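Here are a few exercises to work through with the structure open beside you. Try each task yourself before you read its solution.

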Amino acid sequence: MTHQQRSGSRLSPSGDTEDIEQTGHAGRTGYTDDIEDIVLRLAPRLAYFAGVARTEHVTRAAQEMQVPQSTLSRAMVRLEQDLGVDLFARRGRTVSLTPAGRTFHASVERALTEIERAADEVRADADPATGKVAFGFLHTMGAETVPGLLQAFRAEHPRVRFSLVQNYGEAMLERLRAGELDLCLTSPVPDAPDLVARRLDEQKLRLVVPADHRLAARKRVRLAEAADETFVTLEPGYGMRRITDDLCKEAGFKPRIAFEGEEAETLRGLVAAGLGVALLPPPAVPRPGVVELTVTAPRAAREIGVAWLDGHPDTPPVAAFKKFLLSRRGNLLSS
């Protein structure tokens, strides 16, 4: 594939190449890896090299790239010096690639094409109408809540794209900090100096018991009445596990854990099989074999919030979706 100059879209080579060459090593204490060192020296000259190789004429290449001919000529000389090979055979202002130059040119074209592809991709992701939002949410919100939110948002922004990630809270916050997510719905609402979080809604939790359980005929129950029961819970690190432990402690007991899992509906299945009881948010669809009891004491609920990285600039589609989520405060949940 031949790399074509794109008017108005190419990341134009800077006239600061010489400054980069002179100052590029400053502040690189301990940064002595040979490969990284040569990449730093070569990178500013690659677009220059591609332009000269394409036109086979220094003056014409300088005019096309709108750089001084002297800058271009010096850059090519230094590029050859750094590589230790002749890339061009020169005949006045006209040049032709040597065999080494042709080999180098093929790789440079691929590299520049990949850079342009990456630039196009990030510009597309930031497009207000068709950009992308990387959105994380809890497994328990995937069946109804998130699909409903996306449907409502896309009524006004029909072409915005989403990269969706379901995970537990701590894992999502790690991906948020790593720049892999723009926003996430999580519980509990995080309180961390590097994050911004906003409470959006509250979800009541229920004590889920087998259909033939001694408490199954009840509609309401105090959590202390389950102190002698075996519990099935989410694994440590999950927000619901922390909430379960805290509520049981508030009720005056430490739960006896028989099974730990990663997904709320799996826990409901374990409850239906008579393997324990569980504190869980309401299901998207009623599950046979279990009864869901309202917990009257202590108050059993979890807060749902949206979080993002503090100081992280939003693209237009991310800003639009963030505004939409904040507008749903108090009306976020489907049930």
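**Exercise 1.** Find the helix that holds E265, then work out whether E265 is buried, partly exposed or exposed.

*Solution.* Keep in mind that this is a predicted model. Start with the place: E265 lies in helix α10, which spans residues 264-272. Next, take the relative accessible area of E265, which is 28%. Buried needs a value under 20% and exposed a value over 50%, so E265, at 28%, counts as partly exposed.

**Exercise 2.** List what E265 touches, first within its helix and then further along the chain.

*Solution.* Begin with the side chain: that of E265 makes a polar contact with the side chain of R268, at 2.9 Å. Now skip the neighbours within four places in sequence, and you're left with contacts to P283 and R287. For a backbone check, go to A284, 19 residues away along the chain: its C-alpha atom and that of E265 are separated by 9.5 Å.

**Exercise 3.** Describe the two ends of α10 and then its buried residues.

*Solution.* At the start, a side-chain oxygen of E263 comes to within 3.0 Å of the backbone nitrogen of E265. Just after the helix, G274 has a positive phi of about 80 degrees. In between, the buried residues are A264, L267, R268, G269 and V271. Their cover includes the strands β7, β9, β10, β11 and β12.

**Exercise 4.** Two of those covering strands are β9 and β10; how do they pair, and what unit do they make with helix α9?

*Solution.* Take the pairing first: β9 (residues 230-234) and β10 (residues 256-261) run in the parallel sense over 5 bridges. To see one matched pair, look at V232, which stands opposite F259 in β10. Then add helix α9 (residues 239-250), and β9, α9 and β10 give you a right-handed β-α-β unit.

**Exercise 5.** Trace the open sheet of 4 strands and pick out its edges.

*Solution.* The order is β8-β12-β7-β11, with mixed pairing. The edges are β8 and β11, since each pairs on one side only. From one strand to the next, the twist averages 45 degrees. Zoom in on β8 and β12: they pair in the parallel sense over 3 bridges, and R222 stands opposite A297 in β12.

**Exercise 6.** How many disulfides are there, and are C184 and C248 buried or exposed?

*Solution.* The count of disulfides is 0. C184 has a relative accessible area of 0%, so it is buried. C248 is at 0% too, and therefore also counts as buried.

Conventions
Residues numbered from 1 in each chain as written. Predicted model: local features only at pLDDT ≥ 70, side-chain atom pairs only at ≥ 80, totals over all residues. Heavy atoms only, no water. Pairing = 2+ DSSP bridges. Right-handed = clockwise from strand over helix to strand, strands pointing away. Buried < 20%, exposed > 50% of the residue type's maximum accessible area, 1.4 Å probe, protein only. Contact = heavy atoms within 4.5 Å. Polar contact = N/O pair within 3.5 Å; in protein donor to acceptor, adjacent residues only side chain to side chain. Disulfide = S-S within 2.5 Å. Axes fitted to C-alpha atoms, helices over the stretch in contact; angles between N-to-C directions.
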